[in-house]
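The exercises below ask the reader to work through helix packing, a chain interface and ionic pairs. Please keep the sequence and the structure in view while following each solution.

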Amino acid sequence: MNQSLVIKDLHVSIGDKPIVKGLNLEVPKGEVHAIMGLNGSGKSTLAKAIAGHPDYTITSGTVRLDGEDILGLEADARSRAGLFLAFQYPSEIPGVSNANFIRAALQARLGEGEELEAVDYYHRLYEKMDMLEIRRDFTARSVNEGFSGGEKKRNEILQMAMLEPSYAILDETDSGLDIDALKIVAHGVNTLKGPNLGVLLITHYQRLLNYIVPDQVHVMMDGRIVHSGDKSLALELDEKGYDWITPAELAAA
Amino acid sequence: MSEQTDTLLTADYADTAEARDATRIADEPTDVGLPRGLLNPPDAPSGQGLPDWFLTSRAQAWQSFEALEMPARTEQAWRFASLGKIKLQAYHAPLPVAGEVADRLIERSVGNTTVAGKMVFANDALLDRRLFSPELAAQGVIWKPLEAAVVEHADLFRKHFMVQEAVLGSQKFAALHRAHVRTGTFLYVPKNVEIALPLEVFHWLSGEAGSSFPHTLIIAEAGSKVTLVDYFESDRSEETGFACAVNDLIIGPGAKLTYVCAQNWGEKVVSFQINSTTVERDAAAMSLHLNLGASYARLESLSRLVGAGGRSDMLAATVTQGDQEFDQRTLQDHVQPHTTSDLLYKNSLSDTAKTVFAGLIRVQPEAQHTDAYQKVRNLMLSDDAEANSMPGLEILADEVRCTHGATSGHVDDEELFYLLSRGISHKAAQELIVHGFLNEVLERLPDAHATPKLGALLAEKFARMKRQQSPAA
């Protein structure tokens, strides 16, 4: 079976407005791919649509995880199938402690009548928190409430570490981070990287890619991938901007 | 708890013996005829040596009850209330429970793990009473059922018993309570005595169409500190019943009282609770009502701030399902200057449930420098549920700070998606959000010893809701 996240001819609309217009992409397990593009190119729409956000209508195309089409599944089932989205703007859930939230997510992966073992759970949780330099008292705090930008992003990576997805989409995880926070987040992702995880990084800055080195870089414009290359493409984009990617290439894509 | 309890119980032997007496009374039903309807004059209580004033007050209360009209929806105090759900003729006066029922209910009266004392009542008869720490009795703490207090602490009892009239609409039901009341909790905490652990009281309703008149009277003297938790529970959730509870909390200068009531009657019970709290100089009251049970539950809560520097926090968390109705009326009455009140009521509404909140902040002319806050939040989980909010202000002083607000909203779609995206099912996600919404109320409780059981009761309620939503499962 194909061990990849495969997106084929994907079209996504918000209301009547098409945003993603025939996107093709394959992220094999064990690789890190980056999607770069300007604001409005459809990057975040792609991420949310794949995760199953109800505001985004998939009008055609397929998204397969290891061969299984996930578009017929609800958002929660997509997550349990192995997909993870690190949000650009994570929600705050007042009154729900971070520890209970992550525990509920893990509990959702167990069968009927199975209970998460509390001691093991906290042991693992603390281990991952240490890796991400998250203070212990964050377990008792309400999910993302009053967290700084950097704390929210670290909390996203913590969830990823605990849920052990097969494919993770990181939507502008670098935005709003100072360099120290960026290094911690990158360290987290690099630690989780491996043969059992495919990563799709969405960003518009090359900066993140100094710390998480991609196997491939894709350029997204007007709802499509218009150019792909190796990690040097990110540097090229950083230097020259996006204008050099000609309409001809766009048409050819 | 049990091991430690047993050793301490010996030390408190006198108390235990008394409790056994009370149990024996409850064991032997004397009424063998037909149960007496609630609309007949109540029997005189069987307790020995009850003072005349008490018996007279019961008889007078019965006359008042008969003389007062049933409330009508046209009265402001009963606006939106489903008065049709209150059918007093359907219930009989409290009947003693059989011995094996009593044993079962004592066993089921499990609250928090670390408590200072406990009483258990069923159908208005004392089944069990304990005070786990002998020092408390030595310090002068009185922890007795009402029928003992009225005899043994006559002056103290009479000075405070139902002195504050019901002012929020339930005068008739307060009279009914006074006419029927035969037991309840009497707690007296002497000056500067601090009780670190909560005291817990269970009131059980048992038997179809039964009734109960739980009573709680707490007197916290100057500089004292105490927490009491009342649990209202039904033996069998499918039984109908009528409960009419009164509690009076008197908080002396500089004292701190936390009062928690978990109203968890069966969902066919009609419930009244009439609460009044009197907060003296520099005293602090915190009340938290967790409202889960009953088909119609009326909660009237009055806080009177009668001494400068007094503070009252009034909290409620309410979870509805089916066609439950929670009718909440409050008054934050600022009598003296430099007083603070802070009310937070949260309702989660499902199915065709209904809530009513009518709350008044009254700042009397002398009460300058009052801080008064009132916040009601309704979380609408169903389009067929109905939340009515009627906040009100009556400000007769110039230098005051008052805010009030009532909001109703649905579960936030982005919050929900965030939880779904982590693999949590729609139902579990919604439950987490509701939990969080209510937790913001429970977290305000300063006494961590009193909270675990509240969490457990909430979880049970959610489990019941889940079962009703998917009867096949």
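**Exercise 1: Salt bridges**

Over all chains, the structure, which is a predicted model, holds 32 salt bridges. Take the pair formed by Arg104(B) and Asp235(B), and work out which parts of chain B this pair ties together.

Solution. Begin with the distance: the closest N and O atoms of Arg104(B) and Asp235(B) are 2.6 Å apart, which is within the 4 Å that a salt bridge requires. Next, place the two residues, Arg104(B) in helix α4 (residues 99-108) of chain B and Asp235(B) in the loop between β8 (225-234) and β9 (241-251) of chain B. The pair therefore ties together parts that are 131 residues apart in sequence.

**Exercise 2: The interface of chains A and B**

Describe the contact between chain B and chain A, beginning with its residues and area and ending with its salt bridges.

Solution. On the side of chain B, 19 residues are in contact with 32 residues of chain A. The area buried between the two chains is about 1900 Å², and carbon and sulfur atoms give 63% of this area. Within chain B, the residues that lose the most area to chain A are Phe417(B), Tyr418(B) and Arg422(B), which together account for 42% of what that side buries. As a last step, turn to the charged pairs: the count between chain B and chain A is two salt bridges. In a salt bridge with an N to O distance of 2.6 Å, the side chain of Arg422(B) meets that of Glu156(A).

**Exercise 3: Helix α5(A) and its partners**

How do α5(A) and α6(A) pack, and at what angle do α3(A) and α5(A) cross?

Solution. Consider α6(A) to start with: helix α5 (residues 149-163) of chain A and helix α6 (residues 179-192) of chain A pack at an angle of about 5°, their axes being 10 Å apart. Because angles under 35 degrees count as roughly parallel, α5(A) is roughly parallel to α6(A). Among the residues that meet are Ile157(A) and Met160(A) in α5(A), with Ile184(A) and Val185(A) in α6(A). The residues of this contact divide into eight nonpolar, two polar and two charged.

Now consider helix α3 (residues 98-107) of chain A, whose axis comes within 10 Å of that of α5(A) and crosses at roughly 35°. The crossing of α3(A) and α5(A) is right-handed. The residues making the contact include Phe101(A) and Ile102(A) of α3(A), and Leu158(A) and Met162(A) of α5(A). The contact of α3(A) with α5(A) has seven nonpolar, three polar and no charged residues.

Methods
Residues are numbered from 1 along each chain as its sequence is written. Chains are lettered from A and ligands numbered from 1 in the order in which they are written. This is a predicted model: local features need pLDDT of at least 70, side-chain atom pairs count only at pLDDT 80 or more; totals for chains, interfaces and linings use all residues. Side-chain values use heavy atoms; hydrogens and water are left out. Axes are lines fitted to C-alpha atoms, for helices over the stretch in contact, and angles run from 0 to 180 degrees between N-to-C directions. Helices (H or I, at least four residues) and strands (E, at least two) are DSSP runs, numbered from the N terminus. Angles under 35 degrees count as roughly parallel, over 145 as roughly antiparallel, 65 to 115 as roughly perpendicular and the rest as oblique. Contact means heavy atoms within 4.5 Å. Ala, Val, Leu, Ile, Met, Phe, Trp, Tyr, Cys and Pro count as nonpolar, Asp, Glu, Lys and Arg as charged, and the others, Gly among them, as polar. A crossing is left-handed if the near helix is turned anticlockwise from the far one by less than a right angle, and right-handed if clockwise. Buried area is the accessible area (1.4 Å probe) that two parts lose on being put together, summed over both.
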